[in-house]
Amino acid sequence: MLNEENMEVTLERVLSKENLRACWLKVKANNGAPGVDGLDVLGTEAHLREHWTGIEARLLAGEYKPAAVRAVAIPKSNGGERVLGVPNVQDRLIQQAIHQKLSELWEPTFSRYSYGFRPGRSAHDAVRQGSAYVKAGKRWVADIDLKSFFDEVVHDKLMNLVSAKVRDKRLLRLIGNYLRAPMQWPDQSRSKRVKGTPQGGPLSPLLANIYLDVLDQELERRDLSFVRYADDIAIFTSSERAAQRVLESVSAWIEKHLKIPVNRDKSGHGPSDDSALLGFRIHGDGAIGIAPKAVTRLKQKVREIWDAQQSLTSTQLRDQWRCYILGWWNYFQLADRLWSLSRVGGWIRRHMRKCFWIRWHNWRGRQRALRRLGIPDHQLAPARSSLGAWPTAAGFIMHRALSNQTLQRYGLIVPWDFVQAPR
């Protein structure tokens with residue numbers, strides 16, 4: 001059994017060859033974008049071979065200064081943008097090395113009801129736990145939304161939590177330097193960071209879990225039934241009154257003790273089958289469905305992918321579609337109630353047919369395409385129709401030319417078609 005002394009995390013252990021080798025394999029496998037230095041994984045590998053001795057010396061002396069993080073705006077699923085801070089590859093390696101050693105300290109003590117960014121745990125596990133609560137009669141949910149959590153983390157409080165288990169002052173200083181690393185914007189300007197833990201680096205998710213572990217402990221102390229996935233928090237209760245009371249008291253506790261604002265507009269309480277948990281809806285009997293907002297976002301993406309104005313070949317359209325829909329279905333196939341998808345498959349195929357109709361350009365191109373797809377000459381009159389692409393896509397001629405079987409044969413799949421029946 002490991003004792004406290006040999007569990008202690010020091011900078012030497014973080015920078016051990018064994019730890020760095022394992023971390024480099026992870027960074028290399030992720031193959032992320034370059035940081036502000038413009039170096040990709042291969043360029044960084046060459047740089048480290050030549051300069052690692054000096055980098056390691058500065059790290060051990062407590063003199064290493066992380067580079068600025070590159071600001072990258074990505075769209076949020078519910079609209080707006082989220083700004084990521086992408087470190088350069090060298091700093092991603094060092095952060096990963098810190099992460100790996102700190103995880104050994106904190107993972108054994110984290111709450112069993114915390115699921116985000118943890119080894120062997122997933123969003124699906126959180127949803128299954130929520131389903132178990134509902135099946136046990138806790139059908140009311142208090143959803144708590146933390147406003148811009150990753151941007152609001154208080155550095156002093158976080159570092160106090162980290163220093164409770166890490167004694168190496170050089171390592172603590174290095175972690176603090178990563179928290180304060182400036183953000184470099186596309187116009188090359190830089191802004192200081194006085195709070196928050198920038199998303200985009202390997203260390204940020206673990207630091208977020210350390211910060212919110214205090215909340216997990218408080219919820220367990222109150223004997224509440226909850227799941228937390230990063231900053232998504234759902235607390236399950238047996239009555240509406242209890243859900244309202246929990247929402248108010250826990251929100252107040254978070255703002256007082258964590259200094260994180262609760263978004264009152266996005267937080268709320270209600271029956272589980274009116275709520276959403278990580279894109280899913282848990283019905284009153286505990287069955288797992290897909291939340292309406294997730295289906296709405298799917299439809300918006302379908303419109304984007306099957307926009308006929310894109311300069312893509314048919315093969316590229318197919319590959320783009322398969323990449324998206326297989327990833328989407330890989331996540332949402334957890335649902336055991338697929339009512340919300342019962343009509344979506346046909347609607348998606350209509351968008352496919354509409355896209356190809358437009359891309360055939362004019363009546364001559366449409367006649368040629370329909371002939372290739374097996375339509376006899378005496379049925380080609382719709383090629384001259386002025387009806388419009390969307391109505392035509394629902395018509396007999398396009399259903400015959402691009403039947404469900406034909407679309408599937410060409411790889412234009414709707415994955416839930418392979419499920420025997422909506423459950």
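**Two sheets, a cavity and a pocket**

Let me begin with one strand pair, S6 and strand S7, the latter covering residues 232-237, which are joined in the antiparallel sense over five bridges. Within that pairing, Val227 has Ala234 of S7 as its bridge partner. Before going further I should say that this is a predicted model, with a mean pLDDT of 94 for the chain and with 97% of its residues reaching 70 or more. The exception I would point to is the stretch of residues 1-5, where the pLDDT is below 50 and where the model shows three contacts beyond near neighbours in sequence.

Coming back to the strands, S6 and S7 belong to an open sheet of four strands, ordered S6-S7-S3-S8, in which the pairing is antiparallel. Its edges are formed by strand S6, residues 225-229, and strand S8, residues 268-271, each of which pairs on one side only. On average, and with direction ignored, neighbouring strands of this sheet are turned by 20 degrees against each other.

If we walk inward from S7, the next pairing is the one between S3 and S7, again in the antiparallel sense, and this one runs over six bridges; here Asp145 stands opposite Asp232 in S7. On the other side, S3 pairs with S8, also in the antiparallel sense, over four bridges, and Trp140 has Pro271 in S8 as its bridge partner. As a general reminder while you look at these strands, side chains in a regular strand alternate between the two faces of the sheet.

Which helix lies across S6 and S7? That is helix H6, residues 123-135, and it runs at about 165 degrees to S6. Helix H11, residues 240-258, also packs on the sheet, where it touches strand S3 (140-145), S7 and S8, and its direction makes about 20 degrees with that of S3.

Let me turn now to the other sheet on my list, which is likewise open and has four strands, in the order S2-S1-S4-S5, but here the pairing is mixed. The edge strands are strand S2, residues 81-86, and strand S5, residues 190-191, each pairing on one side only. Strand S1, which covers residues 69-75, pairs with S2 in the antiparallel sense over six bridges, and in S2 it is Val86 that stands opposite Arg70.

From the sheets I move to the enclosed spaces. The count comes to three cavities of 30 Å³ or more, and in the largest cavity there is about 100 Å³ of space. Of the 14 residues lining that cavity, the closest to its centre are Gln95, Tyr178, Thr197, Pro198 and Ser204. Helix H9 (169-180) and helix H10 (204-221) each supply at least two residues of this lining, and H9 gives the most, with three residues. What is the make-up of the lining of the largest cavity by class? There are nine nonpolar and five polar residues, and no charged ones.

Finally, the second largest pocket, whose volume is about 400 Å³. Its lining includes Leu15, Lys17, Leu20, Arg21, Trp24 and Leu25, and also Glu45, Leu48, Arg49, Trp52, Glu56 and Leu93. The elements that give two or more residues to the lining of this pocket are helix H3 (17-30) and helix H4 (41-60). By class, the lining of the second largest pocket has seven nonpolar and five charged residues, with no polar ones.

To set the two side by side, the lining of the largest cavity has no charged residues, whereas the lining of the second largest pocket has five of them; and conversely, the cavity lining has five polar residues, while the pocket lining has none.

Key:
Residues numbered from 1 in each chain as written. Predicted model: local features only at pLDDT ≥ 70, side-chain atom pairs only at ≥ 80, totals over all residues. Heavy atoms only, no water. 1 Å grid on protein atoms, 1.4 Å probe; cavity = no way out; pocket = protein on both sides within 12 Å on 5 of 7 lines; lining within 4 Å. Points joined across faces, edges and corners; volume = space filled by probe spheres on them. Nonpolar A, V, L, I, M, F, W, Y, C, P; charged D, E, K, R; others polar. Pairing = 2+ DSSP bridges. Axes fitted to C-alpha atoms, helices over the stretch in contact; angles between N-to-C directions. Contact = heavy atoms within 4.5 Å. pLDDT = per-residue confidence, 0-100.
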